[in-house]
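Q: Please take a close look at one helix in this predicted model, and connect it to the parts of the structure that belong in the same picture.

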Amino acid sequence: MAGTGTDTPLEPLQPKRKGLSRRQRRSLSRGVQYVLFVAAVIAVAVSADWGRLKNQFAQGSIAEEMFPDVITLALKNTVLYTLSGFAVGLVLGMVIALMRLSSVGPYRWFAGVYIEIFRGLPALLIFIFIGVAVPLAFPGTEIVGGTYGKVALALGLVAAAYMAETIRAGIQAVPKGQMEAARSLGFSPARAMVSIIIPQAFRIILPPLTNELVLLFKDSSLVLFLGVTLEERELSKYGRDLASQTANSTPILVAGLCYLLVTVPLGFVVRRMEAKAQEAVK
């Protein structure tokens, strides 16, 4: 109470010390990450022996000798192997996907076993199986197309397992009302599936199918395990052979750049398709 002498003077309020906001902390963390990344790049660039790398991987005279064969022979064969394997895988994958969705039990069982086996085995073992086991099991039998047919079959068997699951997911993503509407218009189940459901499913799964094409393009390098002639060599085999002849790794680098010549544009196409698909959903 006033006048008692017991009152104590009020202390002035101290302003609260504010810490960094969440946005400031994020900006600081991002800045630190950028600095560390740039420092790591500089450290690697300074410590690398660029002279030795150039001598081993960037000999212009060796690279010039590879043209035009690296394009007209090696890259052409790689593209042919990839496209043929993709075609076989797409057809077989469609069949397996429809079997997976079938109401017939044995069909579903077979499709499930196929998918689990060929998704679980390395592609290398499939190539060895096609090149060694098939001739032993069926003496005198020749796969149509020679090496090209063997590669198409090997790549197709591997790709079909992944494509089947992708196609199945695409078909199941189509609203059920589409099938019901088609049936109400007099379509049979098979005709409705072919004319209505599958075209819509392919619009959905086009990006992952293109990704599968990129993977097959790289897996085509396993053709060397089938034994190929000089005219049947793909990029990896062509680069390795020339690297052995020249005792230099420049051909391997050129072969790698040729892979990027195809995979980078395909990757860009996939990203564009995925972006358009997301916009359509929104």
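**Helix α7 and its surroundings**

A: At 1.5 Å a residue, the 28 residues of α7 should span 40 Å, and since the C-alpha atoms at its two ends are 39 Å apart, the expected and the computed values agree. The helix nevertheless carries a bend of about 35 degrees, placed at A160.

α7, which covers residues 146–173, also takes part in the largest pocket, where two or more lining residues come from each of α7, α8 (176–184) and α9 (189–219). The space in this pocket amounts to about 210 Å³, and its lining consists of I171, Q172, V174, P175, K176, M179, M193 and I197. Sorted by class, that lining has six nonpolar residues, together with one polar and one charged residue.

From the pocket, α9 leads on to a further contact, one that involves aromatic side chains. The structure holds three aromatic pairs, and one of them joins F217 and Y259, whose ring centres are 5.4 Å apart and whose planes stand at 80 degrees, so the pair is classed as edge-to-face, for which the planes must be over 60 degrees apart. Because F217 lies in helix α9 and Y259 in helix α11 (residues 250–281), this pair ties together parts that are 42 residues apart in sequence. As for burial, where the cut-off is under 20% relative accessible area, F217 counts as buried because its relative accessibility is 3%, and Y259 is likewise buried, with a relative accessible area of 12%.

Notes. Residues are numbered from 1 along each chain as its sequence is written. This is a predicted model: local features need pLDDT of at least 70, side-chain atom pairs count only at pLDDT 80 or more; totals for chains, interfaces and linings use all residues. Side-chain values use heavy atoms; hydrogens and water are left out. On a 1 Å grid over the protein atoms alone, a cavity is a set of points where a 1.4 Å probe fits but cannot get out, and a pocket is an open set with protein on both sides within 12 Å along at least five of seven lines; lining residues have an atom within 4 Å of a point. Grid points are joined across faces, edges and corners, and a volume is the space filled by probe spheres set on the points. Helices (H or I, at least four residues) and strands (E, at least two) are DSSP runs, numbered from the N terminus. Ala, Val, Leu, Ile, Met, Phe, Trp, Tyr, Cys and Pro count as nonpolar, Asp, Glu, Lys and Arg as charged, and the others, Gly among them, as polar. The expected span of a helix is 1.5 Å times one less than its number of residues. The bend at a residue is the angle between axes fitted to the seven residues ending there and the seven starting there. Rings of Phe, Tyr and Trp (its six-membered ring) pair if their centres lie within 6.5 Å; planes under 30 degrees apart count as stacked, over 60 as edge-to-face and the rest as tilted. Buried means under 20% relative accessible area, exposed over 50%, partly exposed in between (1.4 Å probe, protein chains only).
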